[in-house]
Amino acid sequence: MALLLLLILPLVGAALLGAGGAHRRAPEVNAAFSLATLLAACGLAVRVIRHGDLLLGREQFFIDPFNVFLVTLTAFVGLTTALFSRPYMRIELDHGRLTPGKLRLYHSMYQLFMFTMLLALTTNNMGLMWVAMEGATLSTVLLVTLYRTPASLEAGWKYFILCGVGIAQALFGTVLLYVAAEKVLGSQGVTALLWTHLDAVKSQLEPTVLALAFVFLLVGYGTKVGLVPLHSWLPDAHAEGPTPISAVLSGLLLNVALYTVVRSKVLVEGSVHSQLPSRLLMGFGLVSVVVAALLLWRQRDIKRLFAYSSIEHMGIATFAFGMGGPIANFAALLHMTVHSLTKSSIFFTAGHAAQNAGTQAMDRIRGLITLSPTVGWGLMLGSLAILGVPPFGVFTSEFLILTTAMRAQPWATPILLAALAVAFAAIFSKVQPMVFGETTGRPLPHAPALLPVFAHLAIVLLLGLYIPHYLADWYRAAAHLIGG
Amino acid sequence: MTHLPLYQQLLDSCAALLLLLSFAMLSQRRVVALVNLYAVQGAVLAATTLLLAWRTGEDHLYVSAALTLALKVMLLPWLLHRLIRRLQVHRDTEPLLNVSGIMLVGLVIVVFAFSLAQPITRLASTATRSAIGIALAVVLLAFLMMITRRKAVSQVMGFLSMENGVLFGAMSASYGMPMIVELGIALDVLVAVLVLGVFFFQIRERFDSLDLHHLESLKEHQ
């Protein structure tokens, strides 16, 4: 029931907002649907905590601690972003960058995007997962191009083509998986793509085919995670789309894509009995961290800067999943959570900072703290949190990952540390003058909704200081499922 | 010389035809002709499915063949032709540099695809052993086409042909995917073409052309 609501609500919301979304109250309706979705997600989480894993809808849906935690996170950030976008999009409307018609498209596609992500997370069918991931791209392409500027059209085109090609590779990987599974599970084809069935027989699957399938799946879904060298769509799409979309792309879509990679890795690792999947993940992760940290220095656009930071953090989480084992998986899940919360809050403040200054160019954003103390402090605290300053949660997860790396993969530790230091210097040196210094901007016509920013940061702070027992158990259960 | 059963020969011919069509697309300069080639590719795919359906007697393959026929031979080419007329790019040709060079690279790709497909081919007990190599080759050739083209419509044709290759692989290696997945994929492809249609008009409105060299300003040093 909760699952049905979880999936139906965003769909109904998308239809309703698409039909009558030019209405003055559309932003509130959007937020209301997001709130209802969050309640459904919480209901689902409670059921999983009480009764354990769920198999629903003729086994087409499978809920375990790993995905229910991402479902809740997705629904939560979905709600806060909807709240944030209410005044933000009104300001964009006032500035003449948007029309009511475009706003209608935005609201409708926002709900549809939520639906595709929730479907990708909850489905048990590797094929449906692919369909949902492709749907997530399609529902956001027209949002990236919402402003219709030359740069945004280019970003949208790049996003569509690169992710489209990537996802086609993932489809080939899925086909290969199916070919291998069919030999074991029988050719009727009903169960051969269901993750739970595949998981049960994974040790009997043909290793060479699965290794090849994993390469295709990793390249395919890895494009969406933004792993270097498949990342080039990511900064453009984040910088040129409207800010709420940057926040959900960075905070949610990347997580969902990483989730699909990890699900594939669990299957393949059980079959190939070699280090190949782990090594690939560690390699891609480490390269992403290093390259993104170096590229941070060259950024001049505030949203591009934090887009590269997302690549870096996804690299860290990918690396941790590659190492495997209970602690690294635990840390990676924690890292996904805190990164998602912190990065979306940063995009919220960065969006308002750009509105204040009338530009996204960082050298023209100055003195946020005098103009709007909440935006200034929000950006400063968010940046400190994402840079891994204690006592924020990012510090905890990065610390766990680094200490695990010291034991399991000592060669990688200095590289990671150096990259983190470079990223720290790059981001801090760019954020500091934006927050302090003389201001040139103008105040905003609508008061920004910054409650989401501080709510996110408070949770991140809390996770850094103390992880509640039930939450820790939850993470541990999920980490155990991933194994490795 | 071993004697292959008739349906096996037919299947192999379909696979060969598909590969040939991929090369034809790779060297085709006219946008309209590309769409026609894509429709023929879809027809070959539908024929393959039908052949397998007749051979195995499985109902879902008949449905799948009908779906392919409706979507890839009729609906999508019709939509694309309409789009091309509305955008007034139906006379467009694309200057292709060094066609023979591209063809040679394509040949290397085919050899590479066959060697990559070796382990799967050994596993596949289904009728078409060579077909997986061909499917992989079609995917990679479509990829090559996307890299070498500068026009938006041609890149999309590459993308669609890539999807055909993947589905042909699924057909030949395991008699297609579960029905629900095939329906989902068909829906995604259809939506993708519709989204692209909207997107093309946006690009046109902004740049007065569908040439992608306008879309190369977002570089790192910006």
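Student: How do the residues of the lining of the second largest cavity divide into nonpolar, polar and charged?
Tutor: Happy to start there, bearing in mind that this is a predicted model. The lining takes in Trp130(A), Glu134(A), Gly164(A), Ile167(A) and Ala168(A) from chain A, along with Phe159(B), Glu163(B), Asp188(B) and Val189(B) from chain B. Glycine counts as polar here, so the division comes to 5 nonpolar, 1 polar and 3 charged.

Student: Which element gives the most to the lining of the second largest cavity?
Tutor: This cavity holds about 60 Å³ of space. Two or more lining residues come from each of helix H5 (126-144) and H6 of chain A, and from H7 and H8 of chain B. The top contributor, with 3 residues, is H6(A).

Student: What volume does the largest cavity have?
Tutor: Let's set the scene: the whole structure has 7 cavities of 30 Å³ or more. The largest cavity is lined by 16 residues, and Leu67(B), Thr68(B), Lys72(B), Leu167(B) and Glu182(B) are the ones nearest its centre. Its volume is about 160 Å³.

Student: And which helix gives the most to the lining of the largest cavity?
Tutor: By class, that lining has 9 nonpolar, 4 polar and 3 charged residues. In chain B, helix H2 (31-56), helix H3 (59-87), helix H7 (152-174) and helix H8 (179-207) each supply at least two of them. With 5 residues, the one that gives the most is H3(B).

Student: Which residues touch the most other members of the largest nonpolar core?
Tutor: Nonpolar side chains in soluble globular proteins tend to be buried together. In this model the largest nonpolar core has 261 residues, and the element giving the most to this core is helix H6 (residues 150-185) of chain A, with 20 residues. Beyond its neighbours within four places in sequence, Trp157(A) contacts chain B residues including Ala152(B), Val156(B), Phe199(B), Ile203(B) and Leu215(B). The members touching the most others are Trp157(A), Leu333(A) and Phe200(B).

Student: How many residues does the other core have?
Tutor: That core lies apart from the largest one. Among its members are Tyr7(B), Leu51(B), Leu52(B) and Tyr175(B). Its residue count is 8.

Student: What covers the buried residues of H16(A)?
Tutor: Helix H16 (residues 393-408) of chain A reaches 22 Å from its first C-alpha to its last, close to the 22 Å expected. Its buried residues include Gly393(A), Val394(A), Ile401(A), Leu402(A) and Ala405(A). The cover includes, from chain A, helix H12 (302-323), helix H13 (326-357), helix H15 (373-386), helix H17 (412-435) and helix H18 (451-465).

Key: Residues are numbered from 1 along each chain as its sequence is written. Chains are lettered from A and ligands numbered from 1 in the order in which they are written. This is a predicted model: local features need pLDDT of at least 70, side-chain atom pairs count only at pLDDT 80 or more; totals for chains, interfaces and linings use all residues. Side-chain values use heavy atoms; hydrogens and water are left out. A nonpolar core is a set of buried Ala, Val, Leu, Ile, Met, Phe, Trp, Tyr and Cys residues joined through side-chain atoms within 4.5 Å. Buried means under 20% relative accessible area, exposed over 50%, partly exposed in between (1.4 Å probe, protein chains only). Helices (H or I, at least four residues) and strands (E, at least two) are DSSP runs, numbered from the N terminus. Contact means heavy atoms within 4.5 Å. On a 1 Å grid over the protein atoms alone, a cavity is a set of points where a 1.4 Å probe fits but cannot get out, and a pocket is an open set with protein on both sides within 12 Å along at least five of seven lines; lining residues have an atom within 4 Å of a point. Grid points are joined across faces, edges and corners, and a volume is the space filled by probe spheres set on the points. The expected span of a helix is 1.5 Å times one less than its number of residues.
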